[in-house]
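Notebook open, coffee poured. I want to look up a handful of contacts and write down what turns up.

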Amino acid sequence: MNAQESISAARAAFPRGLEQPGGALRFGLDALLLAAFAARHCEERRARLSWATARTLRLSVAELGCGCGAALLALVLRCPEVSGLGLEREESLLAAARRNAVALGLEQRLRFLHADLADLRPEPGKKIAPDLVLANPPYGLPGRGRMSPSAMRERALRDADALRVFCRAAARLLPYRGHFFCIFEARSLPRFCAALDEARLGLRRIVPVRPHSHSPATRLLAEARKDAAAELRLEAPLTLHRKQSGRTAQARPSWTSRALAFCPWLTATT
């Protein structure tokens, strides 16, 4: 298999086959939903600017705490006008993200840099001003749930100040009216709103995500804009699974048609 064939095979299999170092928190559904949410914004923009040239359509995106790159890679694969920057504090995850970009033939459109989000500053001599910022911050609070034996995984799971840190970092990077896309735990909505207000990010849209039509939302996909008023549009819930019964329900999840239209990568997670 030559290099181009290998890239084509990796893209066809995506998100299967991504390298993830041992001891790290494995990427999952949240990363793919976040990428799909941001991709929908890019596609809506492309439709509005149907007259524009490829150069005019270009967008830059940064992901905070990008891990092995799953969300950023998914967005860039789906939206050809997007180039990106992944910021991550764990060196082993950075190395995996770079190798994943090469395997998918995206190394010319993506960069990955070591960064501590709590003290994020632009690179010396360079200005980072992405049009979009993505974030999938840790949900857990210290003392809640079983502690992981892996320190790296524990850092990705629980952080009492994560929402504030991620929102502040997004505000530092974004230009005026730039877009911030985030996925987080539904029960953390009050903390998330407080963190947005502190960072001067106006909440504009929320898509609740629920496992089944009879279940409450467990995740929220949110869009905010820098230095913009909070004018929230609450969208209909995204229901992930169709109701099943008997053996079928125990075998494998059945995705709703809307979930698959929203995030086609879901079929690769089952």
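Before anything else, I fix my term: a contact means heavy atoms within 4.5 Å. I am working on a predicted model, where local features need pLDDT of at least 70 and side-chain atom pairs count only at pLDDT 80 or more, while totals for chains, interfaces and linings use all residues. Residues are numbered from 1 along each chain as its sequence is written, and side-chain values use heavy atoms, with hydrogens and water left out.

**Entry 1: D30**

I began with D30, which sits in helix α2. For helices and strands I follow DSSP runs, numbered from the N terminus: H or I over at least four residues for a helix, E over at least two for a strand. Is D30 buried or exposed? My scale calls a residue buried under 20% relative accessible area, exposed over 50%, and partly exposed in between, using a 1.4 Å probe and protein chains only. D30 comes out buried, at 16%. Leaving out residues up to four places away in sequence, I find D30 touching N136, Y139, I183 and R219.

**Entry 2: P137**

Next I looked up P137, in the loop between β4 (132-135) and α6 (151-157). P137 is buried, with a relative accessible area of 2%. Which residues does P137 touch, once those up to four places away in sequence are set aside? I noted A162, L163, F166, C182 and I183. For A162 I also have the C-alpha to C-alpha distance from P137: 6.2 Å in space, against 25 residues in sequence. I183 turns up here and in the D30 list too.

**Entry 3: the α7 and α8 pair**

Two packed helices are described by the angle between their axes and the distance between the axes. My axes are lines fitted to C-alpha atoms, for helices over the stretch in contact, and angles run from 0 to 180 degrees between N-to-C directions. Helix α7 (residues 162-173) packs on helix α8 (residues 189-198) at about 35°, and their axes are 9 Å apart. Which way does α7 pass α8? The crossing is right-handed, a label I use when the near helix is turned clockwise from the far one by less than a right angle (left-handed if anticlockwise). On the α7 side I listed L163, R164, C167 and R168; they meet R191, F192, A195, L196 and E198 in α8.

**Entry 4: the nonpolar core**

By nonpolar core I mean a set of buried Ala, Val, Leu, Ile, Met, Phe, Trp, Tyr and Cys residues joined through side-chain atoms within 4.5 Å. How many residues does the largest one have? I get 83, and those with the most contacts inside this core are L33, L64, L75, F180, F192 and L201. Helix α2 (residues 29-48) gives the largest share, 10 residues. I followed L201 further: beyond its neighbours within four places in sequence, L201 is in contact with C167, A170, A171, L174, F180, L196, A224, R225 and K226.

**Entry 5: cysteines**

A disulfide is a covalent bond between the sulfur atoms of two cysteines. With a cut-off of 2.5 Å between the sulfur atoms, I count 0 disulfides. The sulfur of C66 has its closest cysteine sulfur in C68, 8.3 Å away and too far for a bond. For C167 the nearest cysteine sulfur is that of C182, at 6.3 Å. Both are buried, C66 at 5% relative accessible area and C167 at 1%.

**Entry 6: salt bridges**

My criterion is a side-chain nitrogen of Lys or Arg within 4 Å of a carboxyl oxygen of Asp or Glu, and the structure holds 17 such bridges.

I opened R99 and E19, whose side chains meet at 2.6 Å, N to O. R99 is in helix α5 (residues 91-103) and E19 in the loop between α1 (3-13) and α2, so this pair ties together parts that are 80 residues apart in sequence. R99 is partly exposed at 45%, and E19 is partly exposed at 31%.

E223 and R205 form another bridge, at 2.7 Å, N to O. E223 belongs to strand β7 (residues 219-226) and R205 to strand β6 (residues 201-210), so the bridge joins parts 18 residues apart in sequence. E223 is buried at 6%, and R205 is buried at 5%. Through shared partners, salt bridges link R40, E44, R205, E223, R233 and E235 into one network.

Within that network I checked E44 and R40, which meet at 4.0 Å, N to O. These two are 4 residues apart in helix α2, about one helical turn. E44 is partly exposed at 33%, whereas R40 is buried at 18%.
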